[in-house]
Amino acid sequence: MVIEGEALVACSDKSMKIGVTIWDMDTGENLHHIPTCASQSFGLVCLRNRFLVASQINKHGSVGGGAIVVWALNKPQQPLSNYTLEAFGPLSCTKDGIYLVAGALSGNAYIWDVTSGKLLKTWSAHNKSLNCMIFSDDNSLLISASDDGMICVWSMISLLDVEERGSLPSLLHCFSGHMSSITGLLTTPSSYSVLVSSSLDGTCKVWDFISGRLMQTQVYPLAITSIALHQVEMLLFYGTVNGTIIVNKLDLGLEEGPSIITIGQPLELKGHNGAITALTTSQAGLISASEDCTICIWDVINCAIIRRLSLQKGKVTNIVVVPRSSVLHTSNNRRISNEYNVSPLEKYSQSINSSNGTNTLLSLCRLYKEKQTCIDLRSSGFLRQNMSCSQKAEMAMAMAMQMKVETNIESRVWAIKMAKHVMNINKQLKSQLLDMMRRRLFSKKKNRISKK
């Protein structure tokens with residue numbers, strides 16, 4: 001069996017000039033460089049090993065400025081830039097690459113069908129900024145976490161329900177065991193319903209995300225900044241604030257109640273001079289990134305560094321492993337990529353649920369006003385033309401919203417008039433019925449008197 005080679009994708013959040021760098025993991029060769037990209041942690045994902053998607057926050061002080069940018073891995077072409085209403089941090093996608101979710105700094109969450117570009121739902125997921133989002137192994141659940149230490153489990157059925165697009169999705173569980181910001185989420189293989197979360201409070205918690213039960217709490221002496229799982233060996237790797245990586249076995253045990261484990265002298269991997277910012281696993285082993293601008297590929301068995309890579313400057317915030325063939329320009333890749341394409345992402349949902357009433361309208365109008373100043377207009381005339389078209393679309397959307405509200409008001413006025421009309425008819429019918437009853441009683445009384 002021939003094992004396909006792998007490529008490592010990495011980016012920083014410090015400067016747009018650093019961009020995305022892609023290396024051959026076997027040789028360390030620089031395969032490709034994508035300029036103008038800067039993303040926060042968990043802000044870089046790969047769709048079907050064909051497209052890189054990154055969230056980017058506008059650094060120029062514009063209100064709500066942000067974008068989601070898409071690059072084709074095997075085609076040297078201009079990226080697809082989607083300018084959004086809000087600034088996004090974390091991104092996540094389903095394994096089939098159909099659905100993309102984004103977490104906003106405001107606590108709102110968005111979900112798109114990337115093949116059509118439709119914005120399927122927007123909802124208030126957390127009270128504070130979202131910093132991590134993942135899907136369960138079978139894509140049936142979305143798990144989100146925020147700066148306040150809260151973890152929420154959402155049903156994908158409710159997220160994709162078109163009939164309830166304007167309503168809140170179904171919240172299955174809300175975990176509140178952490179005392180500080182969540183720094184990592186991961187799930188075990190599909191045979192288990194286990195969620196592992198890490199936090200700056202120095203704890204790692206193991207949950208049953210189906211039943212909502214806390215199974216285990218691991219306590220460490222240092223703040224945990226990232227987490228990864230070797231699913232074959234069931235080894236957990238914890239990146240810490242001082243640059244060391246803690247290795248521990250994921251042993252759930254048979255305890256019925258939640259257990260607390262204090263880690264005394266765990267196995268440690270040392271190779272970085274700054275806080276660990278990202279961890280992932282691959283065929284090669286463990287891959288770690290740090291604030292010291294370096295990336296290490298580890299031989300986990302021998303606890304040794306196989307290869308060390310580095311960016312120009314700035315801490316590495318995201319590392320993603322893709323097949324090396326996905327980066328190469330082959331005719332086979334072009335054929336496969338043509339079967340799966342990404343469309344421009346909608347800025348607004350195309351339908352507005354009338355049950356939300358005025359609140360939905362006011363929310364969208366506020367975001368529309370903020371959007372007037374949220375895009376950097378220093379780009380080319382082509383971008384300004386796109387912006388003009390976008391503003392026209394927004395105006396059309398606003399007019400459609402106004403017409404819908406006016407229609408709802410007219411419908412309500414008509415319903416009130418009809419209700420009054422029905423009430424008057426009921427009064428008349430009651431009056432006529434009473435008159436008939438009186439006449440019958442009078443007639444019976446008259447007949448009795450005549451008989452006597």
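This is a guided tour of selected strands, residues and a surface patch in a predicted model.

**First stop: the sheet β8 to β11**

Begin by selecting the four strands that form an open sheet in the order β8-β9-β10-β11, where the pairing is antiparallel. At the edges stand β8 (88-93) and β11 (118-124), and because each has a single partner strand, one side of each is left without a neighbour in the sheet. From one strand to the next, the twist averages 20°. Then narrow the selection to strand β9 (residues 99-104) and strand β10 (residues 108-113), which are paired in the antiparallel sense over five bridges. To pick out one of these positions, display G103, whose bridge partner in β10 is A109.

**Second stop: β14 and its partners**

Move on to strand β14 (residues 151-155), in which five of the five residues are buried, so the strand is largely enclosed by the rest of the structure. With the side chains shown, I151, V153 and S155 can be seen pointing one way from β14, while C152 and W154 point the other way, and all are buried.

Now add strand β13 (residues 141-146), which pairs with β14 in the antiparallel sense over five bridges. One position to display here is L141, which has S155 as its bridge partner in β14. The hairpin of β13 and β14 has four residues between the strands, and within this hairpin G149 takes a positive phi near 85°.

β14 is also joined by four bridges to strand β15 (residues 171-175), and these two strands run antiparallel. Select W154 together with L171, its bridge partner in β15.

**Third stop: T217**

Select T217, which is found in strand β19 (residues 213-219). Is T217 buried or exposed? Its relative accessible area is 7%, which lies under the 20% limit, and T217 therefore counts as buried. Displaying K205 as well brings up a polar contact between the side chain of T217 and the side chain of K205, at 3.1 Å.

**Fourth stop: the sheet β25 to β28**

The next selection is another open sheet, made by four strands in the order β25-β26-β27-β28 with antiparallel pairing. Its edge strands are β25 (276-281) and β28 (304-310), each of which pairs on one side only. On average, neighbouring strands of this sheet are turned by 20° against each other, direction ignored.

Within this sheet, select β27, in which five of the six residues are buried, so that this strand is largely enclosed by the rest of the structure. Strand β26 (residues 286-290) pairs with β27 in the antiparallel sense over four bridges, and S288 has C296 as its bridge partner in β27. The hairpin formed by β26 and β27 has three residues between the strands, and C293 in the turn has a positive phi of about 75°.

On to the pairing with β28: strand β27 (residues 294-299) is joined to β28 by six bridges, and the two run antiparallel. Display I295, which stands opposite L309 in β28, and then D299, whose bridge partner in β28 is A304. β27 and β28 likewise form a hairpin, with four residues between them, and C303 in the turn has a positive phi of about 55°.

**Last stop: a surface patch**

Finish by selecting L433, L434, M436 and M437, which make a nonpolar surface patch of about 380 Å². Of these residues, L433 is found in helix α4 (residues 381-451), and because its relative accessibility is 49%, L433 counts as partly exposed.

Terms used. Residues numbered from 1 in each chain as written. Predicted model: local features only at pLDDT ≥ 70, side-chain atom pairs only at ≥ 80, totals over all residues. Heavy atoms only, no water. Patch = residues over 30% accessible without salt bridge, like charges linked within 9 Å, V, L, I, M, F, W, Y side chains within 5 Å. Areas by Shrake-Rupley, 256 points an atom, 1.4 Å probe, with all protein chains shown as cover. Salt bridge = Lys/Arg side-chain N within 4 Å of Asp/Glu carboxyl O. Buried < 20%, exposed > 50% of the residue type's maximum accessible area, 1.4 Å probe, protein only. Pairing = 2+ DSSP bridges. Axes fitted to C-alpha atoms, helices over the stretch in contact; angles between N-to-C directions. Polar contact = N/O pair within 3.5 Å; in protein donor to acceptor, adjacent residues only side chain to side chain.
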